[in-house]
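Reader: I would like each label in this description set against its cut-off. Please show the structure before we start.

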Amino acid sequence: MMFLEAYKKALAVISKKPIMLWGLSLLSGIITMLATIFTAPVMVLGAAFSILITCGMARIYIDGLNGKEVNSDQLFSAFNKNCVRIVGGMAWQTLWTIIWSVVPIVGIVKAYSYRFVPYILMTKPEVTATQALRLSMEMTKGKKMQMFLADICFFGGIFVISFILGLLSAIPFIGILFALVTLLFIIAIALFSSIFQGLYAAYFYVDSANASDAENPIV
């Protein structure tokens with residue numbers, strides 16, 4: 001299944017540079033938090049800054065999947081002459097996601113249809129803010145169910161493993177060992193879950209983009 005391949009690729013990228021990816025993810029979180037605090041009087045400015053940092057992480061995930069080096073410079077790659085277009089495209093995506101969420105099931109489907117928007121905005125400068133939404137809908141055709149399964153299996157797996165470890169931890173004597181395993185599992189999830197999710201989500205875009213235009217891979 002395609003989502004299993006996405007998992008495999010994501011894990012391969014993490015295994016190569018776990019500390020670097022964790023550091024970049026942590027840095028993006030800290031910067032976003034500070035931006036939110038210091039721009040509180042002007043919420044629009046803080047939201048725009050957060051969007052650009054989020055899109056910078058999207059670029060990192062794509063480069064990582066393509067076997068390229070990743071560094072802190074890429075985290076700020078959205079801060080360029082296209083920043084207004086990027087913020088506009090993400091805001092357009094958010095607006096339509098909110099509109100469609102009035103009908104829950106339709107909202108979920110549309111959310112997956114729009115998932116490629118940040119990747120499109122970061123890799124295809126010729127695509128306008130509004131066109132990115134339509135292109136995402138085209139590129140996600142035939143992939144939405146696989147992306148849904150990837151999310152369900154990921155979060156479901158975390159829940160099931162946590163539940164089982166919790167039960168095993170209650171066993172007298174040897175439960176201490178399982179309690180330690182549970183702690184290590186929680187730490188691993190806290191450190192790498194967002195990175196893993198970001199990488200496997202980006203995999204679907206990379207696969208779709210390369211399949212639709214094999215002669216012009218993402219650069």
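Author: What follows is a series of questions about labels, each answered with a value and a definition.

Author: The model is predicted, and local features need pLDDT of at least 70, side-chain atom pairs count only at pLDDT 80 or more, while totals for chains, interfaces and linings use all residues. Residues are numbered from 1 along each chain as its sequence is written, and side-chain values use heavy atoms, with hydrogens and water left out.

Reader: Why is Lys143 called buried or exposed, whichever applies?

Author: Buried means under 20% relative accessible area, exposed means over 50%, and partly exposed is in between, with a 1.4 Å probe and protein chains only. Lys143 has 13% relative accessibility, so Lys143 counts as buried.

Reader: What makes the contact of Asp207 with Lys143 a salt bridge?

Author: A salt bridge is a side-chain nitrogen of Lys or Arg within 4 Å of a carboxyl oxygen of Asp or Glu. The closest N and O atoms of Asp207 and Lys143 are 3.6 Å apart, so the pair qualifies. The two residues belong to distant parts of the chain, 64 residues apart: Asp207 is in helix α10, and Lys143 is in the loop between α8 (129–139) and α9 (144–169). Helices here are DSSP runs (H or I, at least four residues; strands are E, at least two), numbered from the N terminus. Asp207, with a relative accessible area of 29%, is partly exposed.

Reader: How many salt bridges does the whole structure have?

Author: The search finds six. One of them joins the side chains of Lys141 and Glu138 at 3.2 Å, N to O. Lys141 has a relative accessible area of 53%, so Lys141 is exposed.

Reader: How do you know that Lys9 and Glu5 belong on that list?

Author: Their side chains meet at 4.0 Å, N to O, and are counted as a salt bridge. Both residues lie in helix α1 (residues 2–16), four residues apart, about one turn of the helix. Lys9 has a relative accessible area of 38%, so Lys9 is partly exposed. Glu5 falls in that class too, with 28% relative accessibility.

Reader: Why does Arg85 have no salt bridge?

Author: Lys and Arg count as positive and Asp and Glu as negative, while His and the chain ends are not counted. The nearest side chain of opposite charge to Arg85 is Glu126, 6.4 Å away, so the cut-off is not met. Arg85 is buried, and its place is in helix α5.

Reader: What makes the approach of Arg85 to Val127 a polar contact?

Author: A polar contact is a pair of N or O atoms within 3.5 Å; within protein, one must be able to donate a hydrogen and the other to accept it, and residues adjacent in sequence count only if both atoms are side-chain atoms. A polar atom of the Arg85 side chain lies 2.6 Å from the backbone oxygen of Val127, so the distance is within the limit.

Reader: Which backbone atom does the side chain of Gln131 reach?

Author: The side chain of Gln131 reaches the backbone nitrogen of Thr128 at 3.0 Å, so this distance also satisfies the polar contact cut-off. Gln131 lies in helix α8 and is partly exposed at 34% relative accessibility.

Reader: What makes the largest pocket a pocket rather than a cavity?

Author: On a 1 Å grid over the protein atoms alone, a cavity is a set of points where a 1.4 Å probe fits but cannot get out, and a pocket is an open set with protein on both sides within 12 Å along at least five of seven lines; lining residues have an atom within 4 Å of a point. The largest pocket holds about 480 Å³ of space. Of its 21 lining residues, the closest to the centre are Thr54, Tyr61, Pro118, Tyr119 and Gly198. Helix α3 gives the most to the lining, with five residues.

Reader: What is notable about phi of Phe173?

Author: Phi of Phe173 is near 70°, a positive value in a residue other than glycine. Phe173 is in the loop between α9 and α10. Phe173 has 78% relative accessibility, so Phe173 counts as exposed.

Key: Grid points are joined across faces, edges and corners, and a volume is the space filled by probe spheres set on the points.
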